[in-house]
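The following paragraphs lead through one structure, region by region. Please keep the sequence and the coordinates at hand while reading.

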Amino acid sequence: MKTHVRVAVIGGGVVGCSVLYHLTKAGWKDVVLIERDQLTSGSTWHAAGGFHTLNGDPNVAKLQGYTIGLYDELEKISGQSCGLHRSGGLLLADTKERMEWLKMAHARARYLGLETELLTMPEAKNLLPLLEEKYFVGAMLDAADGNLDPYGTTHAYAKSARIGGAEIYLHTRVTALERRGDGTWHVSTSNGSLNAEHVVNAGGLWAREVGRMVGLELPVLAMEHMYLVTDEMPEVVEFNRERGHELPHAIDFKSEIYMRQEHKGIVLGTYERACVPWQPRTTPWDFGAQLLEPDLDRIAPSLELGFKHFPAMAKAGIKRVINGPFTFSPDGNPLVGPVQGLPGFWCACAVMAGFSQGGGVGLALAQWMVNGDPGFDVWAMDVARYGEWATRGYTNEKVRENYARRFSIRFPNEELPAARPQQTTALYDVLLAQGAVMGDSWGLETPLWFAPKGVEPKDVVSFHRSNDFPHIKAECLAVRSTVGLTEIANFAKYEFVGEGAEAYLAKLMTNRMPLPGRIVLTPMLNHQGKLIGDFTIACSEPGRYLMWGSSQAQIHHMRWFEAHLPANGSVRLHRFGMSLTGISIAGPHSRELLARLTDEDVSSKGFRFLDHRLMEVANCPAKVNRVTYTGELGYEIWVAPEYQRRLYDRICAAGRDLSLIPFGMRALLCLRLEKNFPTWFRELRPIYGVFEAGLDRFVDLSKPDFIGRDAALAEKAGGGKVRRISLAVDAFDADVLGDEPIWHQGKVIGWATSGGYGHCVDRSLAQGYVPVSLAEDSGAGAFEVEILGERRAATILTEPPFDPSGSRMRG
Ligand SMILES: Cc1cc2nc3c(=O)[nH]c(=O)nc-3n(C[C@H](O)[C@H](O)[C@H](O)COP(=O)(O)OP(=O)(O)OC[C@H]3O[C@@H](n4cnc5c(N)ncnc54)[C@H](O)[C@@H]3O)c2cc1C
């Protein structure tokens with residue numbers, strides 16, 4: 001065993017081997033993999049080996065496409081067969097809603113360059129004669145679906161990595177990890193120790209245990225999973241004889257089963273409602289190539305329905321039943337990337353679909369280690385998307401929910417109930433009593449909309465405009481005509497203090513830093529000039545800066561901030577979490593309302609747009625910003641949580657005769673659309689440049705230096721590839737949600753990032769990206785956006801449809 005290495009990958013499942021291969025491919029040779037037993041001896045060996053590109057997040061879908069395309073390359077390099085069967089797959093819809101979902105998936109596949117086709121039931125039946133047509137309404141064919149040999153594939157990665165210079169140590173268990181003074185890792189194993197610059201946790205079923213070696217409790221849980229393999233079936237033999245090829249894969253959402261051909265029979269697996277976690281606290285080290293006791297009763301409801309839908313299956317003999325564990329994160333996507341607070345410690349865990357995702361995970365992680373950037377938008381699988389609230393109990397509830405819903409539709413307005421409420425503010429009960437419909441925002445209950453008296457505070461889930469539509473309209477109109485109040489506790493809040501704070505922030509951000517008492521809005525770029533953050537920064541006094549950003553990205557951002565802190569201690573960084581909470585008031589009467597609660601001068605001259613001040617509001621010590629995301633005159637008032645209830649009560653009392661109304665996040669998002677404001681994770685993501693996103697006015701290129709400046713200059717000079725646009729859409733009863741293709745002259749040329757209804761301008765609005773060359777085409781109906789399978793005419797809005805001069809918020 002080597003004594004010093006650049007990277008030690010812990011775990012020889014398909015994921016660890018993929019990471020190892022991709023590291024050698026990216027040029028790092030001094031890399032080793034340490035495996036407790038044999039390769040594949042976690043969940044990998046008993047996998048059903050299916051692969052597909054479908055994923056709720058388009059960026060993960062893209063990485064799945066990469067994984068599936070990789071297998072030919074691996075076979076060529078290693079000479080090891082992956083046992084590929086590229087048979088294609090059918091997704092079978094049993095309801096109108098499921099068909100709408102497939103139409104959306106098909107439209108999205110179009111702009112991702114993935115090959116899918118919508119089918120009528122006779123067409124589907126022709127491809128898969130085993131199915132009973134009457135139970136379905138339509139289908140989608142995914143040409144990339146197939147299956148492989150898990151053992152062969154893992155060894156193909158491993159052999160390719162060895163050819164690239166990596167070493168693999170089998171029968172060697174990592175027993176402890178210790179961070180040394182020089183920042184490297186001391187890796188103790190059952191066969192001696194070594195020193196590694198980087199450690200990768202690819203421990204699969206033992207990912208939690210490896211995490212605990214460094215004090216981490218990762219949100220990962222293994223679930224039992226069953227599939228059965230039938231004896232030879234005459235229907236399969238006949239199909240193969242007649243057509244000369246295998247049956248396609250199939251997913252039957254209604255019965256929650258997936259199936260594919262295996263030899264001359266069928267493999268049939270279920271994601272059953274009555275699912276069972278495996279080893280909820282600790283995975284025993286002596287668990288090896290074992291299977292769990294099958295429990296057919298648990299999957300009986302799925303089998304019963306499945307046998308009705310595929311009658312030949314009911315007659316088939318069952319050769320064997322596999323029950324094995326594999327791991328999930330709370331949302332079902334992998335946990336990948338560097339861990340905040342632990343430089344040199346990386347995760348590649350919770351990969352529930354190793355044969356669809358393993359290649360993409362390996363590629364992203366290797367690029368991240370070698371180049372400092374994953375090279376893609378990997379947000380949906382970044383380990384930093386969870387905070388301290390994702391505890392073991394939370395993870396258990398969410399993973400069970402996610403497993404049981406694996407084949408259920410998630411509607412765009414659907415809030416899932418498990419593990420809620422996890423975090424609440426002092427206003428939770430008060431807002432509920434006012435009719436609030438709550439949503440989960442990074443583990444915190446946040447008001448989405450308010451049901452008036454007599455209306456049930458509950459969403460009717462749908463892809464179309466739903467029951468909240470008239471109530472959100474009322475909230476939007478009230479904010480624009482009188483004054484509204486909303487809770488904004490869910491924002492991320494930070495403080496940077498010290499003599500080096502200004503220079504530090506100026507180096508990280510594209511804009512200049514504010515003077516004391518002022519605010520700036522600023523994007524943050526990575527070294528490649530791509531957007532990795534968008535913040536509001538206020539200077540409360542020289543050397544002290546407060547900052548607000550996206551709640552979901554706060555661990556992700558902390559990781560970046562910490563990695564760039566000066567070594568001399570001249571900057572101290574603090575993340576407030578829930579120790580700072582906020583209320584926003586917005587609308588033409590908001591100044592009058594604030595004036596009633598403070599003795600400070602809040603006149604338009606005394607407290608200007610983008611001013612920041614520490615002031616007493618309703619007796620509470622508050623930090624007040626004159627900004628809102630509504631595009632109205634408005635204020636954000638930030639207080640410690642013990643003052644939030646008082647502040648709220650006093651605002652409500654003072655606002656009664658000003659027609660104050662509560663409004664929720666959904667109204668806020670509609671209001672910002674009317675102003676063409678972009679939003680983080682939708683319009684602003686690490687695949688876009690700052691000029692592409694239209695944030696020109698927040699970039700100060702006269703600053704001598706900031707991270708990403710050279711790339712930003714190059715982007716400006718070259719014009720970038722795409723441009724963010726705003727569109728008015730001829731929508732009927734369904735608005736743009738995000739991830740729909742944008743068409744121009746019969747071709748898909750871009751994608752929508754978000755949309756909704758502009759209630760105050762009475763138009764359906766959307767934002768998205770199109771090639772720069774088309775971004776000026778402002779002809780009426782020059783574009784189309786595909787909403788639920790229908791192409792709707794859309795016209796570029798060259799200026800915000802509401803208050804284009806911005807006079808209302810500046811006034
Ligand atoms: C019944 C079943 C069917 C499935 N079907 C499919 C399918 O059709 N398609 C699909 O894509 N996925 C499927 N999966 C999921 C798939 O198996 C997983 O996604 C994949 O195996 C995850 O691989 P991994 O490398 O992350 O973890 P694992 O395979 O668990 O590998 C982790 C490895 O790390 C080693 N290790 C852990 N701790 C240490 C340590 N301290 N020191 C040294 N070594 C250590 C372990 O010995 C193990 O070999 C299925 C899973 C099951 C159970």
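**Strand 19 and its surroundings**

Val336 stands opposite Ala348 in strand 19. The model in which this pair is found is a predicted one. The pair belongs to the contact between strand 18, residues 335-338, and strand 19, which are joined in the antiparallel sense over four bridges. These two strands form a hairpin with six residues between them, and in the turn Gly341 has a positive phi of about 85 degrees.

Strand 19 also pairs with strand 11 (residues 192-201), here in the parallel sense and over three bridges. In this second pairing, Asn201 has Cys347 of strand 19 as its bridge partner.

In a regular strand the side chains alternate between the two faces of the sheet. In strand 19, Phe345, Cys347 and Cys349 point one way, while Trp346 and Ala348 point the other way, and all are buried. Because five of the five residues of strand 19 are buried, the strand is largely enclosed by the rest of the structure.

Strand 19 (345-349) leads on to the nonpolar interior, as it is among the elements that give two or more residues to the largest nonpolar core. This core has 42 residues, and those with the most contacts inside it are Val9, Leu23 and Val200. The other elements that give two or more residues to it are strand 1 (4-10), helix 1 (14-25), strand 2 (31-34), helix 2 (58-78), helix 5 (150-163) and helix 10 (354-371). Val9 illustrates how residues distant in sequence come together: leaving aside residues up to four places away in sequence, Val9 touches Gly16, Val19, Leu20, Leu23, Val32, Leu33, Ile34, Val200 and Ala202. Apart from the largest core lies another, of 36 residues, which includes Ile10, Val32, Leu177 and Ala350.

Two of the contributing helices also pack on each other. Two packed helices are described by the angle between their axes and the distance between the axes. For helix 1 and helix 10 the angle is about 40 degrees and the axes are 8 Å apart. The two helices are therefore oblique to each other, since angles under 35 degrees count as roughly parallel. Their crossing is right-handed. Helix 1 makes the contact through Val14, Val15, Ser18, Val19, His22 and Leu23. On the side of helix 10, the residues in contact include Gly354, Phe355, Gly358, Gly359 and Gly362, together with Leu363, Ala366 and Met369.

A barrel is found elsewhere in the chain. Six strands close into it in the order 33-36-35-34-37-38, with antiparallel pairing. From one strand to the next, the twist averages 45 degrees. Helix 18, residues 665-674, packs on the sheet and touches strand 35 (747-758) and strand 36 (763-771); the direction of helix 18 makes about 120 degrees with that of strand 35. One pairing may be followed in detail: strand 34 (residues 741-744) and strand 37 (residues 783-787) run antiparallel and are joined by three bridges. Here His744 has Phe783 of strand 37 as its bridge partner.

Certain backbone features also deserve attention. Most residues other than glycine have a negative phi, and most peptide bonds are trans. Arg420 and Pro421, however, are joined by a cis peptide bond, with omega about -5 degrees. Pro421 is placed in the loop between helix 11 (392-404) and helix 12 (428-433).

Asn619 is not a glycine, yet its phi is positive, about 75 degrees. Asn619 lies in the loop between strand 29 (612-617) and strand 30 (620-625), and it is exposed, with a relative accessible area of 53%. Asp803, likewise not a glycine, has a positive phi of about 45 degrees. The loop that holds Asp803 runs between strand 38 (790-796) and helix 20 (807-810). In which class of accessibility does Asp803 fall, buried or exposed? Asp803 counts as buried, because its relative accessibility is 12% and the limit for burial is under 20%.

The final residue to consider is Ser540, which lies in strand 25 (residues 531-541). Ser540 is buried, with a relative accessible area of 19%. Not counting residues up to four places away in sequence, Ser540 touches Leu546 and His612. Between Ser540 and Leu296 there are 64 Å in space, C-alpha to C-alpha, and the two are 244 residues apart in sequence.

How values were computed. Residues are numbered from 1 along each chain as its sequence is written. This is a predicted model: local features need pLDDT of at least 70, side-chain atom pairs count only at pLDDT 80 or more; totals for chains, interfaces and linings use all residues. Side-chain values use heavy atoms; hydrogens and water are left out. Two strands pair if DSSP finds at least two bridges between them. Axes are lines fitted to C-alpha atoms, for helices over the stretch in contact, and angles run from 0 to 180 degrees between N-to-C directions. Contact means heavy atoms within 4.5 Å. A nonpolar core is a set of buried Ala, Val, Leu, Ile, Met, Phe, Trp, Tyr and Cys residues joined through side-chain atoms within 4.5 Å. Buried means under 20% relative accessible area, exposed over 50%, partly exposed in between (1.4 Å probe, protein chains only). Angles under 35 degrees count as roughly parallel, over 145 as roughly antiparallel, 65 to 115 as roughly perpendicular and the rest as oblique. A crossing is left-handed if the near helix is turned anticlockwise from the far one by less than a right angle, and right-handed if clockwise.
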